[in-house]
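The following exercises ask the reader to work through a protein structure step by step. Each task is followed by its worked solution.

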Amino acid sequence: MTEANTRRVAYVTGGSRGIGEAIVRALAADGHHVVAVARNGDRLSALCAEISARGGSAEPAVVDISDGAAVTASVEAVIEKHGRLDVLVNNAGITRDGLFMRMDDKDFDDVINTNLRAAFVACRAASRSMIRARWGRIINIASVSGIIGNAGQVNYSASKAGLIGMTKSIARELAGKQVTANCVAPGFTTTDMTDVLPAPIKDKVKEVIPLRRFGTPAEVAAVVGFLAGDGAAYITGQVVAVDGGMSM
Ligand code: NAP
């Protein structure tokens, strides 16, 4: 039996940086074997090596999640290798912002494909093993934009609202098998995704956040860690906002 067999196995997309990296670290610290997924293999390998050096357990998986067949193959390979897949976190996401009257089809399709379709494919590939085990946690990283909308993000907010609807439907379908599905909806969080915003825009955003600051990746990861554990067994179909009060 490999070490991973004795640990719950978690598959985290977008695990190379930002919120996903924090989720990988948090789940590894909680004792999971974590499969960290992204395109940048060097970053993934460095992160997994660091976790292993500290006594945790993690492995990299280089996958471009916009390729549905590659996602299915990767998830199935993890189940084959470890004999289990307990926790799926669909975190990888992209933005292609622009005013909707000028947005071209490609920018719409790319965002839906990466943010929503890839999560659907991963959930489908992971669910059989979870159903067999009568235990599973699906956690999809949505966004405050999917709850209240955001000018300049019709593609992104549609993908995130889609994730929320999809998650609730999966939650209903899998509840009888003790597999839960929930969303975590971050607000503005300090990562590469928000670093590109000009300082005056960041200041304006902070004015509409009741807690008056951006969140940290670790603050999002802490909620994911809770939802992934036994303490969250009676929570399904929910959207937990980690947004400083922005969407209330
Ligand atoms: P980020 O810093 O831009 O990181 C994105 C992650 O996704 C990276 O690990 C990236 O890795 C991976 N990724 C992107 N496209 C991929 C693809 N085609 N295949 C595989 N991996 C891919 O983003 P973040 O801010 O941490 O956001 C994480 C999630 O939280 C996203 O779903 C985002 O929509 C959501 N969110 C973020 C905020 C925020 O303010 N930051 C707010 C609300 C929601 P590689 O580049 O190595 O592939």
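**Exercise 1. Linked charges**

Task: Describe the salt bridge between Arg-54 and Glu-50, and determine which residues belong to the network that Glu-50 joins.

Solution. The side chains of Arg-54 and Glu-50 meet in a salt bridge, with 3.4 Å from N to O. The model examined here is predicted.

Step 1. Consider the general principle. Side chains of opposite charge can pair when their charged atoms come close.

Step 2. Apply the cut-off. A salt bridge requires a side-chain nitrogen of Lys or Arg within 4 Å of a carboxyl oxygen of Asp or Glu. The value for Arg-54 and Glu-50 is 3.4 Å.

Step 3. Examine the surroundings of the two partners. Arg-54 has a relative accessible area of 66% and is therefore exposed. Glu-50, at 28%, counts as partly exposed.

Step 4. Look for a further partner of Glu-50. A salt bridge also connects Glu-50 with Arg-25, where the closest N and O atoms are 2.8 Å apart. This pair links distant parts of the chain, since Glu-50 lies in helix α3 (residues 41-53) and Arg-25 in helix α2 (residues 18-29), 25 residues apart. Arg-25 is partly exposed, with a relative accessible area of 30%.

Step 5. Turn to a pair elsewhere in the chain. Lys-81 and Glu-59 form a salt bridge with closest N and O atoms 3.1 Å apart. Here too distant parts of the chain are linked: Lys-81 belongs to helix α4 (residues 68-82) and Glu-59 to strand β3, 22 residues apart. Lys-81 is exposed at 53% relative accessibility, whereas Glu-59 is buried at 14%.

Step 6. Assemble the network. Salt bridges with shared partners join Glu-21, Arg-25, Glu-50 and Arg-54 into one network. The structure as a whole holds nine salt bridges.

**Exercise 2. Two pairs of helices**

Task: Classify how α2 is oriented to α3 and how α5 is oriented to α7.

Solution.

Step 1. Identify the quantities required. Two packed helices are described by the angle between their axes and the distance between the axes.

Step 2. Take the first pair. The axes of α2 and α3 come within 11 Å and cross at roughly 25 degrees. Angles under 35 degrees count as roughly parallel, so α2 is roughly parallel to α3. Their crossing is right-handed.

Step 3. Name the contact residues. Helix α2 contributes Glu-21, Val-24, Arg-25 and Ala-28, and α3 contributes Arg-43, Leu-47, Glu-50 and Ile-51.

Step 4. Take the second pair. The axes of helix α5 (residues 105-133) and α7 come within 8 Å and cross at roughly 15 degrees. By the cut-off of 35 degrees, α5 is therefore roughly parallel to α7. This crossing is right-handed. Among the contact residues are Phe-108, Val-111 and Leu-116 in α5, and Tyr-156, Leu-163 and Met-166 in α7.

**Exercise 3. The sheet and its enclosed strand**

Task: State the strand order of the open sheet, and decide whether β5 is enclosed or open to the outside.

Solution.

Step 1. Establish the order. Seven strands form an open sheet in the order β3-β2-β1-β4-β5-β6-β7, with parallel pairing. The edge strands, each pairing on one side only, are β3 (57-62) and β7 (239-242). On average, neighbouring strands of this sheet are turned by 20 degrees against each other, direction ignored.

Step 2. Find the neighbours of β5. Strand β5 (residues 136-141) pairs with β6 (residues 179-186) in the parallel sense over six bridges, and Asn-140 has Cys-183 in β6 as its bridge partner. With β4, strand β5 pairs in the parallel sense over four bridges, and Val-89 stands opposite Ile-139.

Step 3. Inspect the faces. Gly-136, Ile-138 and Asn-140 on one side of β5 are buried, as are Arg-137, Ile-139 and Ile-141 on the other.

Step 4. Identify helices that lie across the strand. Helix α7 (residues 154-174) lies across β5, β6 and β7, at about 160 degrees to β6. Helix α10 (residues 217-227) lies across β4 (87-90), β5, β6 and β7, at about 170 degrees to β6.

Step 5. Conclude. Six of the six residues of β5 are buried, so the strand is largely enclosed by the rest of the structure.

How values were computed. Residues are numbered from 1 along each chain as its sequence is written. This is a predicted model: local features need pLDDT of at least 70, side-chain atom pairs count only at pLDDT 80 or more; totals for chains, interfaces and linings use all residues. Side-chain values use heavy atoms; hydrogens and water are left out. Two strands pair if DSSP finds at least two bridges between them. Axes are lines fitted to C-alpha atoms, for helices over the stretch in contact, and angles run from 0 to 180 degrees between N-to-C directions. Contact means heavy atoms within 4.5 Å. Buried means under 20% relative accessible area, exposed over 50%, partly exposed in between (1.4 Å probe, protein chains only). Angles under 35 degrees count as roughly parallel, over 145 as roughly antiparallel, 65 to 115 as roughly perpendicular and the rest as oblique. A crossing is left-handed if the near helix is turned anticlockwise from the far one by less than a right angle, and right-handed if clockwise.
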